[in-house]
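Reader: I'd like to go through this one with you and ask how each label was earned. Can we look at it together?

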Amino acid sequence: MDKVEESVDHAAIDDEITSRQEVSGFGTILRTQPFWVFVAIIAIGLVMSFVSDAFMTERNMFNITRNMAFFGIMALGMSAVICTAGIDLSVGSLLGLCAITLGLTLQAGWGVLPGFLVCMATAAVVGLINGVLIAYLRLAPFVVTLGMLAMARSIAMVLSDNKMIYEFGPQQDLFEWIGGESVLGVPNVVWVLGILTAIFWWVWKFTSWGRWVIAIGGNAQAAKLSGIPVERMIVSVYVVCSMCTGVAAFMFIGYTGSATNGMGVTYELNVIAATVIGGANLMGGVVYALGAPIGAALVELIRNSLLLAGIPALWQQFFVGLFLILAVLLEQIRNRGGK
Amino acid sequence: MDKVEESVDHAAIDDEITSRQEVSGFGTILRTQPFWVFVAIIAIGLVMSFVSDAFMTERNMFNITRNMAFFGIMALGMSAVICTAGIDLSVGSLLGLCAITLGLTLQAGWGVLPGFLVCMATAAVVGLINGVLIAYLRLAPFVVTLGMLAMARSIAMVLSDNKMIYEFGPQQDLFEWIGGESVLGVPNVVWVLGILTAIFWWVWKFTSWGRWVIAIGGNAQAAKLSGIPVERMIVSVYVVCSMCTGVAAFMFIGYTGSATNGMGVTYELNVIAATVIGGANLMGGVVYALGAPIGAALVELIRNSLLLAGIPALWQQFFVGLFLILAVLLEQIRNRGGK
Amino acid sequence: MSLLELESITKSFGAIHALSGVDLSIAPGEAVGLMGDNGAGKSTLMKIIAGNFMPTSGEIRIDGQRVEFNKPLDAREAGIEIVYQDLALCDNLTAGANVYLGRELKKKVGPFSMLDYAAMYANAGKLFAGLKSETRPRDLVKQMSGGQRQAVAIARTQLSDPKLVLMDEPTAAISVRQVAEVLALIKRLKETGHAVILVSHRMPDVFEVCDRVAVLRRGTKVADKKITDTSPEEVTGLIIGAIEAA
Amino acid sequence: MSLLELESITKSFGAIHALSGVDLSIAPGEAVGLMGDNGAGKSTLMKIIAGNFMPTSGEIRIDGQRVEFNKPLDAREAGIEIVYQDLALCDNLTAGANVYLGRELKKKVGPFSMLDYAAMYANAGKLFAGLKSETRPRDLVKQMSGGQRQAVAIARTQLSDPKLVLMDEPTAAISVRQVAEVLALIKRLKETGHAVILVSHRMPDVFEVCDRVAVLRRGTKVADKKITDTSPEEVTGLIIGAIEAA
Amino acid sequence: EAHGGYTFALVPKAMNNPFFDLARDGCYKAQEELEDVTCEYIGPGEHTELEQIQIVQDLITKGVDGIAVAPSNAPAMAKALEDAAEAGIPVMTWDSDLLPEDAELRTTYVGTFNYDIGRHLAELVQARHPDGGTICLQTGGAAAANHNERLLGAREQLAGMELGDPPGEPLTGQGGWTEISGCPLITNDDGNVAVQGMTDILAANPDLTAFLSTGAFTQWFDNAYRNAVEPYQEEMANGDLTIVVADTLPMQIAQTKDGLGNGLVGQRPFEMGYKAMYILKDIAEGNEVEDPIYTGLDVCNNDNIDTCVN
Ligand SMILES: Nc1ncnc2c1ncn2[C@@H]1O[C@H](COP(=O)(O)OP(=O)(O)OP(=O)(O)O)[C@@H](O)[C@H]1O
Ligand SMILES: Nc1ncnc2c1ncn2[C@@H]1O[C@H](COP(=O)(O)OP(=O)(O)OP(=O)(O)O)[C@@H](O)[C@H]1O
Ligand SMILES: [Mg+2]
Ligand SMILES: [Mg+2]
């Protein structure tokens, strides 16, 4: 043992070991998909500013950010669902249903606040039903939310009697201002997206709710054994997702100025796409608050750029698909190179 | 040790132990979702035969089976993809693309066989691209196939120049007979579904390809460590899925008698729904050959029944969604009761 | 009085009878070794006590009161902590996060309470050091070695002050140095009046720390003896079935 | 000549250096024990030999030929079988199917070849019985006990006739009875000219079957000695760092 | 059937499209007037070709007394309608027709000549820009036959020459008109996509002469549409830019009144649904009916907007 005393104490376990980390700081960011999608966005933006004079105009930026914001808000909620290895296909229909309940409330002469509450209550109820069926009855999220997709759309049709609503009662101007106008040159809906993103960022990073949702996505069994109320958490996640859609619906109807029960058809695919492009993994356990807006931004940017660049109409979808894949490829290439 | 000799040999490990099984025979079937969905189908059928005289007619049975068969064929391939924990969103667009390449070939004066080969080649190429991107470049199946969804549709538009094709060259009659007519009172496409289902049943049960696909779905890492060529398997799975869609497209165009590039829009959701209702798990590792046709049958049966029962149009989607959920609930209730 | 009493616990999975009519009791400050062949039903019994499975039949009493655990949280609230054999960790979280999973440390920042990462990592680090394990609190458990994962699972039990600690093969994957620490930990638990059930295949460990040893064979308890009244040879015979019962 | 030679193998995961400059060689018919603290890099070294990881730097030679394993299959084709510490089983398959995964038995029925379930289950059952493990070939491994899973992983290595068998803590979860069988298996392998590397934390096992013992500490090899030239005490000292090197 | 009379089905292309709601209202009006007729309005929730065919099959199975259908995919629908002939169920088409070679499968067609909608829209544009210029066309689903016919009508009118099968080829200077790159815009009948596409095109091409949409979706979303075109209101007023859109829904008329659009060409869906019931009753009672029956178009511009719709 004498020999040992002189040299390093090989037996000791000190801070040097416990504070070691495989990667840290900027290295961690470099490994995330949202970062690389963001790089892709910058690259497309740079190219576009040479291709089209219209691209960098204030008006175009205004439009792009507003268009993406609706999807971004919905994608924030979807991230939570996907993080638990679930999926919510009903968001598109729910947008339509919220549009109708909100529209009917306003049309009946109520103000913006009651309208908002009805809209959010609709969303919460739908989320609750989804969540309870999935968490307590253990039904596959895909089937439950597919069923809800059909049911919500049908209820929207029945409630609206298939009519379009475009008279929003006494506070119509306020309502349309909220959804369609801007503050300090930034569309209101973008402000909402920004605030919600910040809230989600905080939630994922600093609350036990966020931590538990991530744990459930990693290993629901282990989470359950750790005493996490898995069922209640899953219900809450679907409610959160639906409420995000409710917020998006409220802003969206104000922006469009009319509510039809056909609103949001097939938006679920766009929302899920934005989420997955933003780094979510359908197997669960991965979530980035910034992923949702970044994913939504990429999708909208591609659409806008192809139009401004004057790509022939029949070819546009081709490039949409191609750039989607290329954007995600970036992260892969970098992370494989690093190994 | 003397004491032991007289009694049972507690140390021995004999056939009695190694042949024991937790559940076997009929008990295993009772635990599967397709069985309970099948029970639901029978139940709906029984109810409907009282509700509507038209239900049990030969014509209605003929229509139901034919309508479900197209989705059933696509769902067989989708089962394989979902079994590897993947997803293929491009099947709907691929149906449209195959329709166009097939239609153009026939219109150009070629026979049915060249048409079929072109149709299958189109499908195989699309599947190969999907598979290679997913297996070798490790991109998320959702993103890749979503990109392909857009790209395939776009190529179909470009190839068809956005025109409808309804002249199928010299063998038009044969072509339309294959897709639209029947043999022994059973629609040809149902025969095809039956044969493919039998083949898949054999493949899943008795071939190493099937076994390996299931293993990859269970634990891709372990499968890889066992020396299974995981990448090649995944590519093959996407090719198989696309080829099933190719077969469905070939039959479908013969049946409809026209090909447009808009064919199959949103079919991916129906196909995935049929697969999941038939017992597939989006987390991978579960597959039933019979699940695909059973799932497709349930979806079609619900639609048909609601119309025959005279449910008001706006409410129909509601019941479609409701019955979807109820059908899957059945299995859950039984399996929880047993625990 | 016994802290925990099990009466004729039975558990079947389909045609497989994992446990049939098992009785067991343990007093505060006692350590019981639970041994048996693979598949004898040890983990199943632990999971029943921990509220992870419901027994097919039989009764569980804690401090003489009959209880029914419907979920793991029920058992934890009754003062039972467990190290699962399969460790039950969330691979996508760090080692520190896993230790504190379900009972995160928080700090107040103005009106908000937020997760206190610094405290959790520091404490987890101390727990690992206490087990003499070179486990890095800030790294994902997914990438950890078998022994590091086990250290995380063991560290978890030390956050609260349970009445009963169940350890299902806690030393299977860890090295000599940590084995000694775990055994020392069990001794400390006993001294402070906690009860411990230790499932292990390592005869020396069981004989070092346990007061009693119970042996399961194919789901039935074939022996329950004071350590001082038995020997490793007898226990081995009981496990493999060479001795029928004792 | 050596069957396997490793020369200055290094492996880093980001800032973590799991292995730095490890040399090791093994001859046919030899059994080497690989010991070390948790996280010392043992499993990492095994995975590199088995083609699961590529080393960051360093050279692997088999029968004097330099090789590069890009995937596990390469190593298997070079005659290397491995029992992984985390077992690497497909939970959704039966125990029998897991044993034969990747090399299923087939039978001919007319022009078709189909999986031969009967033969696979029968043989798997025999392999389990040979390990004295009560593992049911027809049940899903998902529901199996820890020891039963380990038996499946060990049984897999016996299907082919490899040159080198790597065993990463094969006895961690199994009971006394099966431990004896596994050690007997290793001895049989040695006698028939196979080489074995055994990673274990169980000193007695290593001293019973191994000819040499190598000790890793924090990624470097600190000792490589004939069993006859060392003692359990010395090895323990080397593992925990009380003895710096030998 | 409640009153023992006829049950006639009116099958639209999609039930989530406000256009078809007007037809439904017409259908119900006829039901009120005709004691012995029940109107069953049923179609696919969204625009899908196969589902519409399946619905028609089920209606035949169910044994309704007559079917009026707006086929999404004409040749495919023709095949399904063969069963109706077999079952002796009278069939007519509305809104869009079968192919000429399948014409004997239906008794008559009531609706508009889609080609004319495009033609009238183009005339509105030409009236404001006699010298031609650059134009962007907007359409619905990629392969939608009715939109393709309207595109052809618009293009042939602008070009002053025949251009072959629908949808024709993009104009490259014929008649003084050039289609800009990126067009025609495909919207898949989504109002949001339509507005976004128009916004981007207007931004990217400040010198655009005319924007012509073959469907009302461009103007469905009142507020969004107004926001999108408000920056160009002046140009529209002084004749530098023209926006014309098909259909005459209430919000479209209001927009045009406010100078946020320059022309509308409306069909009369209410009349289609209404007439369909009368025609089916005539057929069912063995009376002769005319073939085809055109319901006429309302052509509106900024001047006659108050009076153009009757
Ligand atoms: N969820 C389950 N479903 C079906 N069978 C199960 C389940 N869990 C355990 N079993 C079976 O019950 C028996 C007892 O398993 P258990 O895990 O309790 O054994 P154990 O004594 O802990 O063994 P080991 O020493 O290998 O850990 C085994 O035969 C196992 O296959
Ligand atoms: N894939 C990986 N990514 C990052 N770090 C890893 C990875 N695999 C192992 N490590 C780290 O490398 C070190 C060596 O791990 P290894 O699994 O080889 O240890 P070991 O000697 O087998 O330990 P044990 O006795 O606990 O099984 C550990 O610190 C571990 O956290
Ligand atoms: Mg166990
Ligand atoms: Mg290890």
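Author: Sure. This is a predicted model, and a good place to start is strand β4 (residues 57–62) of chain D, which is joined to β5(D) by 3 bridges, the two running antiparallel.

Reader: What makes β4 and β5 of chain D a pair?

Author: Two strands pair if there are at least two bridges between them. β4 and β5 of chain D have 3, so they count as paired under that cut-off. As for residues, D:I62 has D:Q65 in β5(D) as its bridge partner.

Reader: And what holds paired strands together in general?

Author: Backbone hydrogen bonds do that, in a parallel or an antiparallel arrangement.

Reader: In what order do the strands of this sheet in chain D come?

Author: The order is β2-β1-β4-β5 in chain D, an open sheet of 4 strands with antiparallel pairing.

Reader: Why are β2 and β5 of chain D said to stand at the edges?

Author: β2 (16–26) and β5 (65–67) of chain D each have a single partner strand, so one side of each has no neighbour in the sheet. From one strand to the next, the twist averages 30 degrees.

Reader: Over to the ligand. Why is the site of ligand 1 called shared?

Author: Chains B, C and D all contribute residues around ligand 1, so the site is shared between chains. The shell has 21 residues, with C:K42, C:S43, C:T44, D:S145 and D:G147 the closest. Two helices, α1 (42–49) of chain C and α5 (146–156) of chain D, each supply at least two residues of that shell.

Reader: How do you know that ligand 1 makes a polar contact with C:G39?

Author: The cut-off is a pair of N or O atoms within 3.5 Å. An oxygen atom of ligand 1 is 2.8 Å from a polar backbone atom of C:G39, so that pair qualifies. C:G41 also offers a polar backbone atom 2.8 Å from an oxygen atom of the ligand, and for D:Q143 a nitrogen atom of ligand 1 is 3.1 Å from a polar backbone atom. The protein covers 92% of the 640 Å² of accessible area that ligand 1 has on its own.

Reader: How many residues of the shell around ligand 1 are nonpolar, polar and charged?

Author: The shell divides into 4 nonpolar, 12 polar and 5 charged residues.

Reader: Last one: which residues of chain A does the "transmembrane region" annotation cover?

Author: The unreviewed UniProt entry lists several spans of chain A, including 35–56 and 269–294. In the model, residues 35–56 of chain A are 77% helix and 0% strand, with end C-alpha atoms 22 Å apart. Residues 269–294 of chain A are 50% helix and 0% strand, and their end C-alpha atoms lie 16 Å apart.

Methods. Residues numbered from 1 in each chain as written. Chains lettered and ligands numbered in written order. Predicted model: local features only at pLDDT ≥ 70, side-chain atom pairs only at ≥ 80, totals over all residues. Heavy atoms only, no water. Near = heavy atom within 4 Å. Polar contact = N/O pair within 3.5 Å; in protein donor to acceptor, adjacent residues only side chain to side chain. Areas by Shrake-Rupley, 256 points an atom, 1.4 Å probe, with all protein chains shown as cover. Nonpolar A, V, L, I, M, F, W, Y, C, P; charged D, E, K, R; others polar. UniProt positions renumbered as here; feature names shortened; annotations may be inferred. Axes fitted to C-alpha atoms, helices over the stretch in contact; angles between N-to-C directions.
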